[in-house]
Amino acid sequence: MKFIGITGGVGAGKTEILNYIRKHYKCEIHLADRVAEQLQEPGTACFQALVELLGEEIKTSDGRLDRKQMAARIFADPKLLEQVNGIVHPAVKDFLMERLEAARESGEIELFFVEAALLIEAGYRELVDEMWYIYAEEEVRRQRLVQGRGYSPEKTAQIMASQLGEDAFRRNCDFVIDNSGSLIESYQQIDRKLEAFTWQE
């Protein structure tokens with residue numbers, strides 16, 4: 001079984017690529033951001049550690065984390081961001097390693113994927129068997145974000161500027177899928193790469 005990381009800049013089309021893989025291959029896929037959200041639900045060790053760090057005022061009236069307030073505080077304070085990441089990132093990795101081991105033991109999974117824009121920065125390069133970079137031309141990504149997600153050009157530029165550049169992605173990845181054109185072309189690239197694995201309808 002291969003453990004593969006999927007990364008790339010915002011608007012590159014990682015979701016569409018993963019949807020195709022999920023449909024056609026014997027795989028398990030985890031989105032690191034979604035795992036992180038699940039691990040911050042009330043009652044979890046992660047939730048308790050974050051409340052201890054940020055104070056009871058970080059909770060909403062229904063006892064959950066106030067994500068907007070949390071984001072505002074974290075991004076205004078680099079030290080606090082580092083502390084929060086020090087709680088959340090190890091918890092996400094522990095969860096994924098447990099799922100990976102379970103998938104290996106089941107013998108039913110051939111490909112185990114984790115996706116996040118920040119996989120490289122979070123140290124997953126040392127954990128995965130392969131790192132894949134979903135690439136799309138910058139102008140294509142801008143159009144997708146403005147038209148598809150309704151982002152303003154300013155917000156789009158701000159997000160893109162905060163992420164790794166193309167050179168860094170390519171330097172740290174073993175395989176590149178060019179998702180600038182049609183999805184059919186992207187799917188063909190995936191199928192060529194995964195020809196040794198079971199393809200199923």
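The following dialogue reads selected features of a predicted model, from its sheet to its helices.

Student: How do the strands of a sheet pair in general, and in which order do the 5 strands stand here?

Tutor: Strands of a sheet pair through backbone hydrogen bonds, in either a parallel or an antiparallel sense. In this predicted model, 5 strands make an open sheet with the order 2-3-1-4-5, and the pairing is parallel. Strand 2 and strand 5 are the edge strands, each of which pairs on one side only. On average, neighbouring strands of this sheet are turned by 20 degrees against each other, direction ignored.

Student: How many bridges join strand 2 to strand 3, and which residue is the bridge partner of I29?

Tutor: Strand 2 (residues 27-31) and strand 3 (residues 111-115) run parallel and are joined by 5 bridges. Within strand 3, F113 is the bridge partner of I29. Strand 3 also pairs with strand 1, in the parallel sense and over 5 bridges; there K2 stands opposite L111 of strand 3.

Student: Which strands are joined to strand 4 by bridges?

Tutor: Strand 1 is joined to strand 4 by 4 bridges, the two running parallel, and I6 has W132 as its bridge partner in strand 4. A further 4 bridges join strand 4 to strand 5 (residues 175-178), again parallel. In that pairing, Y133 stands opposite V176 of strand 5.

Student: How is burial read along a strand, and are the faces of strand 4 covered or open?

Tutor: One inspects the residues of each face in turn. In strand 4 (residues 130-135), 6 of the 6 residues are buried. E130, W132 and I134 lie on one side, M131, Y133 and Y135 on the other, and all of them are buried, which leaves both faces covered. For the edge strand 2, 4 of its 5 residues are buried.

Student: How does one recognise the buried side of a helix, and which residues of helix 1 are buried?

Tutor: An α-helix has 3.6 residues a turn, so residues three or four places apart point the same way. In helix 1, the buried residues are K14, I17, L18, Y20, I21 and H24. Because they cover an arc of only 155 degrees around the axis, they lie on the same side of helix 1. The exposed residues T15 and K23 are carried by the face turned away from that buried side.

Student: What covers the buried residues of helix 1?

Tutor: Their cover includes strand 1, strand 2, strand 3, strand 4, strand 5 and helix 9 (183-193). Helix 9 contains Q189, a residue that counts as buried at 15% relative accessibility. Setting aside neighbours within four places in sequence, Q189 is in contact with F175, V176, I177 and D178.

Student: Does helix 3 carry its exposed residues on the buried side or on the other side?

Tutor: The buried residues of helix 3 (residues 45-54) are C46, F47, L50, V51 and L54. Their arc around the axis is only 130 degrees, which puts them on the same side of helix 3. A45 and E52 are exposed on the other side. The buried residues pack against helix 4 and helix 5. After helix 3 comes G55, with a positive phi near 95 degrees.

Student: What is the angle between helix 4 and helix 5, and how should it be classed?

Tutor: Helix 4 (residues 67-75) and helix 5 (residues 78-106) pack at about 120 degrees, and their axes are 6 Å apart. The two helices are therefore oblique to each other, since this angle is outside the range of 65 to 115 degrees for roughly perpendicular and not over 145. On the helix 4 side, M70, R73, I74 and F75 meet P78, L80, L81 and V84 of helix 5. By class, this contact has 7 nonpolar, no polar and 1 charged residues.

Student: Is G9, in the loop between strand 1 and helix 1, buried or exposed?

Tutor: A loop position is read from its accessibility and its contacts. G9 sits in the loop between strand 1 (2-7) and helix 1 (14-24). Its relative accessible area is 3%, so G9 is buried. Not counting residues up to four places away in sequence, G9 touches K14, Y133, I134, R141, Q163 and F169. K14 is also one of the buried residues of helix 1, and Y133 and I134 are among the buried residues of strand 4. By contrast, the C-alpha atoms of G9 and A71, 62 residues apart along the chain, are separated by 20 Å.

Terms used:
Residues are numbered from 1 along each chain as its sequence is written. This is a predicted model: local features need pLDDT of at least 70, side-chain atom pairs count only at pLDDT 80 or more; totals for chains, interfaces and linings use all residues. Side-chain values use heavy atoms; hydrogens and water are left out. Axes are lines fitted to C-alpha atoms, for helices over the stretch in contact, and angles run from 0 to 180 degrees between N-to-C directions. Angles under 35 degrees count as roughly parallel, over 145 as roughly antiparallel, 65 to 115 as roughly perpendicular and the rest as oblique. Contact means heavy atoms within 4.5 Å. Ala, Val, Leu, Ile, Met, Phe, Trp, Tyr, Cys and Pro count as nonpolar, Asp, Glu, Lys and Arg as charged, and the others, Gly among them, as polar. Buried means under 20% relative accessible area, exposed over 50%, partly exposed in between (1.4 Å probe, protein chains only). Two strands pair if DSSP finds at least two bridges between them. The arc is that of the directions from the helix axis to the C-beta atoms.
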